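Reader: Before I rely on any label in this model, I should like to see the criterion behind it. May we go through the terms in turn?

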Amino acid sequence: MTVRACSVSFKDVRGIRHSVDVEAESVYEAVVLAVRRLRQGPWTEPLGTATVLDVEAREPATKHSISLQQVERWLGGATSSPNEASEKAKLKMMLVQG
């Protein structure tokens, strides 16, 4: 897969939109990297699993909306290849360490 620059954002309970830029190979990786970075920041409250994150990839521009729960479900699901299993293991570790 190709690494793409992405902007990942969400709206908190007060209606404030928070956004970070990451480079990722998939929507799932973009969300995990963004959640990890957002958890380190002092300006955001904890993200719940129902939080919907908007992922906007650039060049070519595309936009996706996905909840953290959907990402966690995908990470815990069956894998279709050794490459996907490796990717999921890496992303799980990143999400837990974040």
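Author: Let us begin with the sheet: it is open, has 4 strands in the order β2-β1-β3-β4, and is paired in the antiparallel sense. The model is predicted, with local features needing pLDDT of at least 70, side-chain atom pairs counting only at pLDDT 80 or more, and totals for chains, interfaces and linings using all residues. Residues are numbered from 1 along each chain as its sequence is written, and side-chain values use heavy atoms, leaving out hydrogens and water.

Reader: What makes β2 and β4 the edge strands?

Author: Each of β2 and β4 (62–67) pairs on one side only. Strands here are DSSP runs of E with at least two residues, helices are runs of H or I with at least four, and both are numbered from the N terminus.

Reader: How do you know that β1 is paired with β2?

Author: Two strands pair if DSSP finds at least two bridges between them. β1 and β2 are joined by 8 bridges and run antiparallel, so the criterion is met. R4 stands opposite A24 in β2, and V8 has V20 in β2 as its bridge partner. The hairpin of these strands has 5 residues between them, and G15 there takes a positive phi near 90°. β1 also pairs with β3, in the antiparallel sense over 4 bridges; S9 has D54 in β3 as its bridge partner.

Reader: Why are Y28 and W74 called a stacked pair?

Author: Rings of Phe, Tyr and Trp (its six-membered ring) pair if their centres lie within 6.5 Å; planes under 30 degrees apart count as stacked, over 60 as edge-to-face and the rest as tilted. For Y28 and W74 the centres are 3.9 Å apart and the planes differ by 5°, so the pair is stacked. The pair links Y28 in helix α1 with W74 in helix α2, 46 residues apart.

Reader: What sits over the ring of W74?

Author: The charged end of K88 does, 4.8 Å from the ring centre. The term requires NZ of Lys or CZ of Arg within 6 Å of the ring centre and within 35 degrees of the ring normal.

Reader: Is E29 buried or exposed, and how is Y28 classed?

Author: Buried means under 20% relative accessible area, exposed over 50%, and partly exposed in between (1.4 Å probe, protein chains only). E29 has 8%, so this residue is buried; Y28, at 25%, therefore counts as partly exposed. E29 is found in helix α1. Beyond residues up to four places away in sequence, E29 touches A24, E87, K90 and L91, contact being heavy atoms within 4.5 Å.

Reader: What makes a group of residues a nonpolar core?

Author: The residues must be buried Ala, Val, Leu, Ile, Met, Phe, Trp, Tyr or Cys, joined through side-chain atoms within 4.5 Å. The largest such core has 25 residues, and V22, V31 and L53 have the most contacts inside it. The largest share, 7 residues, comes from α1. Leaving aside neighbours within four places in sequence, the contacts of L53 include V8, F10, V31, V35 and I66.
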